[in-house]
Amino acid sequence: MPRVSAPVVKLVQRTTEPAGVQTLRSTAAAVIAYSVAVWLLPEPAPLTAPLTALLVVQVTLYATLTTGIRRVNSVIVGVLIAIGFSSLVGLSWWSLGLTIFTSLLIGRLVRVNEFVPEVAISAMLVLGVSQVADTAWDRVWETLIGAVVGLLFNLLLAPPVWVGSAGSSIESLAARMGTMLRSMGEEVVGNNPVSRAAARLHEARRLDHDIVEVDASLRQAEESLTLNPRVRQGLLHRVVLRTGLDTLEICAVVLRVLSRTLTDLAKARTEESLFPADVSELLQELFGRLAEAIESFAVLVTTQLAADAEAAEERLADALVRSRATRDRVADLLLEDVQEHPRQWQLHGALLAEIDRVLAELDIEERTKRLGEELDRRSGEAHARHPRLRALLQRLGRQPA
């Protein structure tokens with residue numbers, strides 16, 4: 001078989017990714033909307049139709065359904081405002097300013113939310129033509145055509161699911177945390193300069209920015225799963241990813257506190273080693289085990305195949321068992337060290353408490369319990385929001401097949 005060049009392979013990979021799929025879908029929807037508008041309307045260049053379709057075909061089906069109506073309302077309100085002003089005054093600098101001011105004010109009153117500027121934009125586009133009435137209603141029809149095409153496009157051809165991108169973001173966050181833990185393990189051996197410990201503390205604080213980015217990616221994935229006919233058990237996927245990120249966020253907070261503890265120890269022991277050689281060796285091993293546990297946890301919550309998830313759970317369980325065993329050995333040695341040299345004993349206790357918190361957050365049994373509670377809570381909220389639908393489904397369930 002002939003070999004395919006690397007650029008062609010990369011192009012195919014990009015077009016099969018969610019961003020590439022969405023680009024193709026948006027282009028197709030805009031072209032279809034334009035063709036339908038040309039066929040139905042006398043307007044020579046009905047560009048509002050493809051523009052509306054392009055905007056309505058959002059990244060997710062949920063976003064399309066929730067924003068499509070508001071977007072159509074914003075355009076129609078703007079057109080009606082332009083019709084009213086055109087019948088009273090002509091186009092001048094003061095009438096344009098008054099139109100914009102009125103459009104922005106009314107846009108907030110009709111609650112089109114983030115599409116308030118589009119009310120003013122639609123009004124200005126219609127106000128600037130000569131035959132305002134005919135053009136205005138053509139603009140309304142173009143908008144409706146584009147909105148209908150966009151909605152139907154997403155209903156018939158469901159948008160891509162962004163779970164893979166969110167999973168990659170979660171795994172990248174866990175990898176950064178794992179790298180930081182291994183670096184901390186290397187730094188507890190011998191004397192750790194205060195400057196290096198402080199740099200590690202600043203790095204741990206920057207994890208907050210990483211979590212914000214991962215949270216945005218996860219929200220996009222949650223929307224892509226909502227109301228998507230291509231996805232089964234969408235609620236389960238959303239809960240698994242969300243609770244997984246919550247756990248990593250808590251671990252990141254603990255990691256920052258752990259860095260603070262080591263920094264305080266470095267300040268108190270500038271002329272000596274942070275720990276005795278036997279303690280530092282075990283601590284380095286323990287930090288490595290914790291890094292493995294966090295990375296295995298991220299793989300577990302982002303893996304959809306049962307076989308791969310089972311393997312990830314086994315790796316996580318093994319890492320937790322080894323971490324707990326090493327932690328107990330470190331605790332025994334630190335107790336002996338404190339009895340001989342009681343300086344900064346409270347920092348030793350804090351170090352162990354922070355390690356215990358990470359192990360508790362990654363515990364498999366506790367995670368299973370939290371998943372069950374979160375699923376029950378969200379299911380209860382969904383039933384409470386739609387009592388009539390729930391009653392109908394219950395009645396249908398009682399009927400014999």
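Colleague: Why does T302 count as buried?
Modeller: In this predicted model, T302 has a relative accessibility of 16%, and since buried means under 20%, the value falls on the buried side of that cut-off. T302 is found in helix α12, and its C-alpha is 9.8 Å from that of S169, although the two residues are 133 apart in sequence.

Colleague: What makes D138 count as buried?
Modeller: The reasoning runs along the same path, because the relative accessibility of D138 is 17% and the limit for buried is under 20%. D138 belongs to helix α7, which covers residues 132–156. Across 90 residues of sequence, D138 and T48 come to a C-alpha to C-alpha distance of 9.4 Å.

Colleague: How do you know that the side chains of R289 and E285 meet in a salt bridge?
Modeller: The N to O distance between these two side chains is 3.8 Å, and a salt bridge needs a side-chain nitrogen of Lys or Arg within 4 Å of a carboxyl oxygen of Asp or Glu, so the pair of R289 and E285 qualifies. As background, side chains of opposite charge can pair when their charged atoms come close. Both residues sit in helix α12, residues 277–302, and they are four residues apart, about one turn of the helix.

Colleague: Are R289 and E285 buried or partly exposed?
Modeller: R289 counts as buried because its relative accessibility is 19%, which is under the 20% limit. E285, with a relative accessible area of 31%, lies between the 20% and 50% limits and is therefore partly exposed.

Colleague: What makes the contact of D318 with R322 a salt bridge?
Modeller: Their closest N and O atoms are 3.0 Å apart, which is within the 4 Å that the criterion allows. Helix α13, residues 306–340, holds both D318 and R322, again four residues apart, or about one turn. D318 has a relative accessible area of 40% and R322 a relative accessibility of 39%, so each is partly exposed, as the values lie between 20% and 50%.

Colleague: How do you know that D328 and R327 meet in a salt bridge, and how accessible is each residue?
Modeller: The N to O distance is 3.3 Å, within the 4 Å cut-off, so the salt bridge of D328 and R327 is accepted. D328 is partly exposed at 41%, whereas R327 is buried at 17%. A search of the whole structure finds 14 salt bridges, and E187, R200 and E203 are linked in a network of such contacts.

Colleague: Which residues line the largest cavity, and how do they divide by class?
Modeller: The lining is made of M184, E187, N192, A197, R200, S259 and L262; the elements that give two or more residues to it are α8 (163–187), α9 (194–205) and α11 (234–268). By class, the lining residues divide into three nonpolar, two polar and two charged. About 40 Å³ of space lies in this cavity.

Colleague: What makes the lining of the second largest cavity nonpolar by class?
Modeller: The residues around it are L181, C251, V254, L255, L258, I294 and V358, and because Val, Leu, Ile and Cys are among the types that count as nonpolar, the tally is seven nonpolar, no polar and no charged residues. Helix α11 gives the most to this lining, with four residues. The space in this second largest cavity is about 30 Å³.

Colleague: How do you know that the reach of helix α14 is close to the expected value?
Modeller: Helix α14, residues 345–362, has 18 residues and reaches 27 Å from its first C-alpha to its last, against the 26 Å expected at 1.5 Å a residue. Its buried residues include H348, E354, V358 and E361. Helix α6, residues 116–127, can be judged likewise, since its 12 residues reach 17 Å where 16 Å is expected. Among the buried residues of α6 are V116, E118, S122 and L127.

Colleague: Which residues does the annotation "transmembrane region" cover?
Modeller: According to the unreviewed UniProt entry, the annotation covers residues 23–41, 47–65 and 72–95. In the model, the chain over residues 23–41 is 95% helix and 0% strand, with its end C-alpha atoms 27 Å apart.

Terms used
Residues are numbered from 1 along each chain as its sequence is written. This is a predicted model: local features need pLDDT of at least 70, side-chain atom pairs count only at pLDDT 80 or more; totals for chains, interfaces and linings use all residues. Side-chain values use heavy atoms; hydrogens and water are left out. On a 1 Å grid over the protein atoms alone, a cavity is a set of points where a 1.4 Å probe fits but cannot get out, and a pocket is an open set with protein on both sides within 12 Å along at least five of seven lines; lining residues have an atom within 4 Å of a point. Grid points are joined across faces, edges and corners, and a volume is the space filled by probe spheres set on the points. Buried means under 20% relative accessible area, exposed over 50%, partly exposed in between (1.4 Å probe, protein chains only). UniProt positions are given in the numbering used here, feature names are shortened, and annotations may be inferred rather than shown by experiment.
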